[in-house]
Amino acid sequence: MIKAVMVINTQGKPRLAKFYDFLTVDKQQELIRSVFGVLCSRAENVSNFMEADSIFGPDSRLVYKHYATLYFVFVFDTCENELAVLDLIQETLDKCFRNVCELDIVFNYSKLHTILDEIVFGGQVLETSSAEIMKAVEEISKLEASSNSITLVPKTVSGWRNR
Amino acid sequence: MEQLKTIGRELAMGSQGGFGQSKEFLDLVKSIGEARSKAEEDRIVLSEIETLKRRIVEPDIPRRKMKEYIIRLVYVEMLGHDASFGYIHAVKMTHNDNLLLKRTGYLAVTLFLNEDHDLIILIVNTIQKDLKSDNYLIVCAALNVVCKLINEETIPAVLPQVVELLGHSKEAVRKKAIMALHRFYQKSPSSVSHLVSNFRKRLCDNDPGVMGATLCPLFDLITIDVNSYKDLVVSFVSILKQIAERRLPKSYDYHQMPAPFIQIKLLKILALLGSGDKQASEHMYTVVGDIFRKCDSSSNIGNAVLYECISCVSAIYPNAKLLEAAADVIARFLKSDSHNLKYMGIDALGRLIKLSPEVAEQHQLAVIDCLEDPDDTLKRKTFELLYKMTKSSNVEVIVDRMIDYMININDNHYKTEIASRCVELAEQFAPSNHWFIQTMNRVFEHAGDLVKSKVAHNLMRLIAEGFGEEDDTADSQLRSSAVESYLRIIGEPKLPSLFLQVICWVLGEYGTADGKFSASYVTGKLCDVADAYSNDEIVKSYAVTALMKLFVFEIAAGRKVDILPECQSLIEELSASHSTDLQQRVYELQAIIGLDAHAVECILPSDASCEDIEIDKNLSFLNDYVQQSLEKGAQPYIPESERSGMLDISNFRSQDQHEASTHGLRFEAYELPKPSVPSRTTPVSLASSTELVPVPEPSYHREVQQAATVPSSSDTGSSEVKLRLDGVQKKWGRPTYSSSAASTSNSSSQNTVYEVTPVDGSSNVNSKAREASYDLKKTQVEISPEKQKLAASLFGGTSKSERRASSTGHKVPKGSSHVLKSTAGSTTDVLVEKTTPVQPPPDLLDLGEPTLKDGPSSVDPFKQLEELLDPTQLGSSANPGIVGSTSAPDIMQLYSDKPASGQSGGFMYPSSSNRSDDNLVSGLANATTDSAHNITAAAHPSQFSKGPNLKDSLEKDALVRQMGVTPSSQNPNLFKDLLG
């Protein structure tokens, strides 16, 4: 089961944090801080995997991907495959945020959550077909747009529509 | 630089306009991005909170604005600030009919609230409505919330709808309904147990996405109960086959791999189902083999699937062909430049090694590369692998490496883990006791207080027991080498408390045994310890007891006791200590020093810590005394169980003694074991006890008074005394200790009469270990590069020419048992023939220069290995018999009996409750009628002359005291192999 998904920038500021088990705000902050602490002490060119027992309890593992100024972090237990999760991050990034930057994430906060909810549902990897995910997300944004007088077509979304 | 880039980038993005967000939000994000310190950021966020608080309650906010406010709230909370004032607005938003607002509201509540939050009740109704909505996106949004916010109590409210949705026309809804049901199952299995069949049904769903989602709950279910799902093996295999043959829609391809995530899930499930089941496994062989062949190993995801195949292959019933394929893939992983792949390779190797140990051999150099890699993750994974493949032939190298690594890390969590692994390996595979002690020293020194106290007790016992009965010289050499190393270490600053306890005990017991060190030297060191760690009472009491033993041994040997001035001042200082335990130890010390040689020898015989002690648990020797007391009009003993009513009475009777009587109510210490003493034999004679107790110390006096006035108080005493007793019990074994196995020496709180129990040392282990390393040594001589050496010592040889030898090294159990058999037949001759002696016999335990041979990191582990091959050592440990196994049950039996009697003994004698447990018990166990006199007398030197049988009771008391610091816990691992 996936325990948490985080996006942290290189200064240690959380850009997105989603915990699949409820944790108090303070606890979340503490976890984000300790994760960042470990991540920034890692050298370049080392593996993207880490054991996270000391932060998330026994048998927790962590996969991260350093991407421009952001760390994308997935925390999960032994039921997932590290390489696969790493690819999951990659996939999410490639398909949805090709030129992702921090501001995209902040401003498209709800969109990012929508995408994430399509992929990871209740802590399980639910959908892995990117086409399906795109379809779902687009449908949602279309409907949202039509239900609202103001059009909300974020740049990134139009970006992958044109591709 | 990096920071500047970030900011610049953010600015650039910001200036391009706001993605439909307002300028305010943009400014907020920008200013937070620019904040130079946490304080500045906090200021910005706090003012944002103020703004939001004001704005959000304004009437008639446009929808779009409201949405933004909520998003800003989420943002604020993500930064670690309290946004609870806005929760209700998020909840209100979920009621909105507008999809955009509803979704935003749902998103916010899933992030804000937990399933037990009060506001949930306001959402449940909305969720119910939305689950029935015509718009499938609303249904999906609601299901999303269901996963997060529905708890056990609210499950019934939404369950019918969710089940209905399993048949929804949209696959996205079916998928999420399954996941919601799965979530319910995780939260409260009982509430949905009748619906589990739905998961099976949905496995046949037309949509691959739904089928894939079903695998998640099925995986969980199968993990819990494999057998109920064996019938699905064929289905799973055929699904996997279809996927591998690319029968799924193209959209599920990822990097040219057909539905890799579903494949991974299926392989995991198959691994569970095929584990230990030959029939089920046979179904899987073909398809797994296919995947091995078809998988594209150039992409991450392809490798992920390959890794999962290896995991599956190593979990199911072994198949030679598949194992071979797995080994090939592992080789590819390990040779890769990617750390990720190496990591997976090491992990896979760890799985496969259980089935085919020879795989590791091919990759030994790669493994050593990983061990030396700067990547910490990889290193730890490699240690995990080494841990799995440790055996007696390579334990020294591996443990050595582990300790080296342990020293260099700061992560306490991992340090504890690796320390316990070191200890575990050392206990299981230790080639010699000496090595074990050296290793333990290092672990103690560096992992400090992270080590469990059990480990310390094992170490003490090992030193006390030594190799076994037959080899006294080896034992004493072992001890004096321990003493020597401890005397060297003791001066180092900031040693962990536990280690100091071991040191003190060993020095007290064996410090002067070999005559190499004078008593004054050792006592001086002990005084230094007591001074340096003046805050640690446990260490101090260990030190005082050690001092007492050293003095006694001096007296017994007929030498004049030379008490150093610092020692004298320590004694004086501690005799006024706040800790009554320390105080008493010091008084006893002073009392014993005044006795003659014969008396002290009875009190503290040298090297008697391993001897067993017999207890008369019926306390029959007290019958006379009890009878006398009864005749004098004492009240008969009332068992604890019948006494509850009386406590109130005693409360009433002695209002002013209230405090004391509340103490009297506390029977915790005695409640655990069932007192086995028949009640009739033990009346409590209060009157007599007050008469008998001479009370020179005011502090004692008060307590004795209390004890006397409260009839049923068996455990009186100030809270301080209680505290101390706790400490004592911890050290000396709570009653529960009794049940565990194989403790031989120790536990002082019980007993008087020694009974010798033969404890066969770990000679069997040793011989085994050394024999196993024979082949190794022969092969390794010519290999020169250090790495190869290491490889050889870990795996047993590299090059092909050594293949034969190393493979024998691998099959240790078989090989060594074979050798053992031959040894048993013709004893040591066989062994001597086999090898050329490298060093003279005593080397392993050489007392003179332990640093040279066994000193921690300085020595090449390889050399250490060679030393172990010394054949004469083997000779000394011949007779790999069964001594241990036969004696084990007896010991256990003995121990299970003891504590009970000890406890009940204490229970009956309120008069002595002001003193420590051991004292009291020893007195009781003493088979004399006037025990009450003696007990009290023993603690007060001034009263010595009055006691009719002073010496006797003192002896017993001191004996117990001596035993007091003996380890009392057991270690099943260490002697498991000995005791069969």
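Me: Which strands of chain A does helix H1 lie across, and at about what angle does the helix run to E1(A)?

Reply: Helix H1 (residues 25-40) lies across E1, E2, E3, strand E4 (61-67) and E5 of chain A, and its direction is at about 65 degrees to E1(A). Please keep in mind that this is a predicted model: local features need pLDDT of at least 70, side-chain atom pairs count only at pLDDT 80 or more, and totals for chains, interfaces and linings use all residues. Residues are numbered from 1 along each chain as its sequence is written, chains are lettered from A and ligands numbered from 1 in the order in which they are written, and side-chain values use heavy atoms, with hydrogens and water left out.

Me: What makes a stretch a helix or a strand, and how many of each are there in chain A?

Reply: Both are DSSP runs numbered from the N terminus: a helix is H or I with at least four residues, a strand is E with at least two. By that rule chain A has 7 helices and 7 strands. Along the sequence they follow the pattern β-β-α-β-α-β-β-α-α-α-β-β-α-α.

Me: And what does an angle such as the one for H1 stand for?

Reply: Axes are lines fitted to C-alpha atoms, for helices over the stretch in contact, and angles run from 0 to 180 degrees between N-to-C directions. Contact itself means heavy atoms within 4.5 Å. Helix H5 (residues 109-119) of chain A is described in this way too: it lies across E1 and E2 of chain A, at about 35 degrees to E2(A).

Me: Which strands make up the sheet, and which are its edges?

Reply: The open sheet has 5 strands in the order E2-E1-E5-E4-E3 of chain A, with antiparallel pairing. Strand E2 (14-19) and strand E3 (49-51) of chain A are the edges, each pairing on one side only. Ignoring direction, neighbouring strands in this sheet are turned by 15 degrees against each other on average.

Me: Why do E1(A) and E5(A) count as paired?

Reply: Two strands pair if DSSP finds at least two bridges between them. Strand E1 (residues 2-9) and strand E5 (residues 70-76) of chain A have 7 bridges in the antiparallel sense, so they meet the rule. Asn9(A), for instance, stands opposite Leu70(A) in E5(A).

Me: What holds for the other pairs?

Reply: E1(A) and E2(A) pair over 5 bridges, and Val7(A) has Leu16(A) as its partner in E2(A). E3(A) and E4(A) pair over 3 bridges, with Phe49(A) opposite Val63(A). E4(A) and E5(A) are joined by 7 bridges, and Arg61(A) faces Phe76(A) there. Two of these pairs are hairpins: E1(A) and E2(A) with 4 residues between them, including Gly12(A) at a positive phi of about 90 degrees, and E4(A) and E5(A) with 2 residues between them, including Ala68(A) at a positive phi of about 55 degrees.

Me: Why is E4(A) described as largely enclosed?

Reply: A residue is buried under 20% relative accessible area, exposed over 50%, and partly exposed in between (1.4 Å probe, protein chains only). In E4(A), 5 of the 7 residues are buried, so the rest of the structure largely encloses this strand. For E2(A), 6 of its 6 residues are buried.

Me: Is Arg246(B) buried, exposed or partly exposed, and what about Ala259(B)?

Reply: Arg246(B) has 44% relative accessibility, so it counts as partly exposed. Ala259(B) has 1%, so it counts as buried. Neither is a glycine, yet phi is positive at about 60 degrees in Arg246(B) and at about 35 degrees in Ala259(B). Arg246(B) sits in the loop between helix H14 (233-244) and strand E1 (253-254) of chain B, and Ala259(B) in the loop between strand E2 (257-258) and helix H15 (260-274) of chain B.

Me: Why is the pair Lys13(A) and Glu41(B) called a salt bridge?

Reply: The rule asks for a side-chain nitrogen of Lys or Arg within 4 Å of a carboxyl oxygen of Asp or Glu. The closest N and O atoms of Lys13(A) and Glu41(B) are 4.0 Å apart, and the pair counts as a salt bridge. The rule finds 4 salt bridges across the interface of chain A and chain B, where 74 residues from chain A and 86 residues from chain B take part in the contact.
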